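User: Please go through this structure with me, one question at a time. I would like each reply to set out its reasoning before it settles on a value or a name.

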Amino acid sequence: MVGVFIRFGPENWQIFQQTHGFACIHAGGEYVIPEGREIASPVVYVRILREDSGMEVLGWQRARLLSEEKWEAELTVPAGGLYRLETTLLDESDPVLEWGVRGDMRHHLGVGDLYVIAGQSNSAGYGKEPAYDPPELGVHLCRNNLHWDLASHPMNDSTDSAHPANLEGCNTGACPYLSFAKTLHRELGYPIGLIQSSLGGSPLSQWNPEENGSLYRSMMETLRSQGGQVTGVLWYQGCTDAENGQADSYFSRFAQTVSAFRKEMGAEIPWLTIQLNRRLAYEDGLPFDEGWGTIREAQRQAARKMPGISIVPAIDCSLSDGIHNTAAANVVLGERLAAAALRDIYHRSWSHPAPDLESAVLTAPDVMELTFSPVAGRIYGYDSVLVDRNAFTVWSGDKALSIKTAEYFDNKIRLHLSELAQEPCQVSAGWQMEPPARLPVDFATHLPILAFHRVEVAPFSKS
């Protein structure tokens, strides 16, 4: 073989993280002059073409020649694609570049935004039912084998996995992130790359470098191998910690994980998170309701108190088994995450977040008023008479008070209690593993309110 050979640099399907609209693509290798061809002063040239039309994006650039017939080049490429990288070899005196000696190429390259997939099984993707979520050119995936590919389910394919730490024990299915990336691709107009690092069943301790940290280290090794830059983290995790006795410390340990990641990345990278969906009890009396409520509240508080943390609800989505979202639900969750990214990262103002509890106050000894913000339309409850099916729990000490009725108006819910509340009071909604009633929604977006747990209620004041 003769000509130009690419020995390092981009591989087919690779997406590069853009910064201010450009990415630097570094490539290099060696060249071999054909026998009988007069090339006294060899020059290696590199260029970038649009793959859909063959139009030059970056015309022929001279590479740097090194000793022993080696070359390297750095190309500043604008956001977009898909692109093709071409190389060729000529004598310096030869002006006809199109007829140079053959050179290696790389295909289906893009410059856009990269997101790393982290967390446990609902990030890894266990939706096994059929749902239409096809691959799309311009949405590519760095798989567990550290090679780039057209993104398709299952994202967490374990074939030739480079990191034993995140090797799945079974075949996975659909996750939310193909839907997420396709939505961003269409809205932003440039490619989106995904980098897989999740693992089913993984506790937060494996992601927190101040604890076990095995999956954190594996993730960081993968990111460094792909240039060490991402736009954001896609995070769905907490089911294991809801049941392993670690729920009470979840907020502080999650904060440690995010802080360590941002410090190592050198930037306040956004995290797009999903509040835990339901957990269908497979035994009577599983004692984990409190843990699930505590994790959901920690996730809600992380989005309220930590900069750059976004959250979307999942509690209204369908399940394929006791704990995993269906493939169809993952399409919806991906669209919700994309809406959050468009709002919080790309500053598109039309996207509305889920309503969040802003305040809880006793307006009378037996009346509690809950205020939510933001609300695009109005808070809508599926049943104003909450007797058998109750979305809320009012706590007076350790006693749960019964609720007679609920009124819904604008951004408020008024709960009428069956008895006088003894202060101090707390209120919860959607906190159980499997909440007994659907949570109210914003009628304009039909996003459910974020679940909350044991939020302190302001006392009744006669003034």
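User: Leaving aside its neighbours within four places in sequence, with which residues is R47 in contact?

Analyst: The model is a predicted one, and the position of R47 within it is in strand β4, which covers residues 42–50. Once neighbours within four places in sequence are set aside, the residues in contact with R47 are E56, L58, G59, W60, R84, L85, E86 and E98.

User: Is R47 buried or exposed, and what is its relative accessible area?

Analyst: The side chain of R47 makes polar contacts with two acidic side chains, that of E56 at 2.9 Å and that of E86 at 3.0 Å. Since buried means under 20% relative accessible area, R47 counts as buried, its own value being 9%.

User: Which residues of the largest nonpolar core touch the most other members?

Analyst: In soluble globular proteins, nonpolar side chains tend to be buried together. The largest nonpolar core here has 71 residues, and those that touch the most other members are Y115, F180, L184, F254 and F261.

User: Which helix gives the most to this core?

Analyst: L184, one of the residues that touch the most other core members, is in contact with Y115, G189, I192, A338, A341, L342 and Y346 when neighbours within four places in sequence are left aside. The helix with the most residues in this core, 7 of them, spans residues 327–344 and is α7.

User: How many residues does the other core have?

Analyst: Apart from the largest nonpolar core there lies another, whose members include I315, F372, L439 and A451. The number of residues in this other core is 28.

User: At what angle do the planes of F254 and W271 lie?

Analyst: A pair of aromatic rings is described by the distance of the centres and the angle of the planes. A search of the whole structure finds 10 aromatic pairs, and in the one formed by F254 and W271 the centres are 5.7 Å apart in an edge-to-face arrangement, with an angle between the planes of 90°.

User: How many residues apart in sequence are the parts that the pair of F254 and W271 ties together?

Analyst: Both F254 and W271 are buried. F254 belongs to helix α5 (residues 250–265) and W271 to strand β14 (residues 271–274), so the pair ties together parts whose separation in sequence is 17 residues.

User: Why is the pair of F261 and W271 described as it is, and what is the name of that arrangement?

Analyst: F261 lies in helix α5 and W271 in strand β14, 10 residues apart, and their pair links distant parts of the chain. F261 is buried, with a relative accessible area of 0%, and W271 is buried as well, at 1%. Because the ring centres of F261 and W271 are 5.6 Å apart and the planes stand at 90°, the pair is edge-to-face.

User: Which residues form one aromatic cluster?

Analyst: W271 pairs with F254 and also with F261. The cluster that holds these three residues is made up of W207, W235, Y250, F254, F261 and W271.

User: Over the face of which residue does R454 lie?

Analyst: R102 lies over the face of F5, at 5.3 Å from the ring centre. For R454 the distance from the ring centre is 3.8 Å, and the residue whose face it lies over is W395.

User: How many disulfides does a search of the whole structure find?

Analyst: C170, which is partly exposed at 37% relative accessibility, has as its nearest cysteine sulfur that of C175, 14 Å away. C239 is buried, at 7%, and its sulfur is 13 Å from the closest cysteine sulfur, in C317, which is too far for a bond. For the whole structure, the number of disulfides found is 0.

User: With which side chain does that of H416 make a polar contact of 2.6 Å?

Analyst: H416 is part of strand β22, residues 412–417, and is separated from E369 by 47 residues in sequence but by 8.9 Å in space, C-alpha to C-alpha. Beyond its neighbours within four places in sequence, H416 is in contact with D366, V367, I403, K404, T405 and E407. The polar contact of 2.6 Å joins the side chain of H416 to that of E407.

User: What percentage of the residues of the protein chain count as buried?

Analyst: The secondary structure of the protein chain comprises 7 helices and 25 strands, and its C-alpha atoms fill a box of roughly 100 × 40 × 40 Å along the principal axes. The protein chain has 463 residues, and the share that count as buried is 56%.

Key:
Residues are numbered from 1 along each chain as its sequence is written. This is a predicted model: local features need pLDDT of at least 70, side-chain atom pairs count only at pLDDT 80 or more; totals for chains, interfaces and linings use all residues. Side-chain values use heavy atoms; hydrogens and water are left out. Helices (H or I, at least four residues) and strands (E, at least two) are DSSP runs, numbered from the N terminus. Buried means under 20% relative accessible area, exposed over 50%, partly exposed in between (1.4 Å probe, protein chains only). A polar contact is a pair of N or O atoms within 3.5 Å; within protein, one must be able to donate a hydrogen and the other to accept it, and residues adjacent in sequence count only if both atoms are side-chain atoms. Contact means heavy atoms within 4.5 Å. A nonpolar core is a set of buried Ala, Val, Leu, Ile, Met, Phe, Trp, Tyr and Cys residues joined through side-chain atoms within 4.5 Å. Rings of Phe, Tyr and Trp (its six-membered ring) pair if their centres lie within 6.5 Å; planes under 30 degrees apart count as stacked, over 60 as edge-to-face and the rest as tilted. A charge sits over a ring if NZ of Lys or CZ of Arg is within 6 Å of the ring centre and within 35 degrees of the ring normal. A disulfide is a pair of cysteine sulfur atoms within 2.5 Å.
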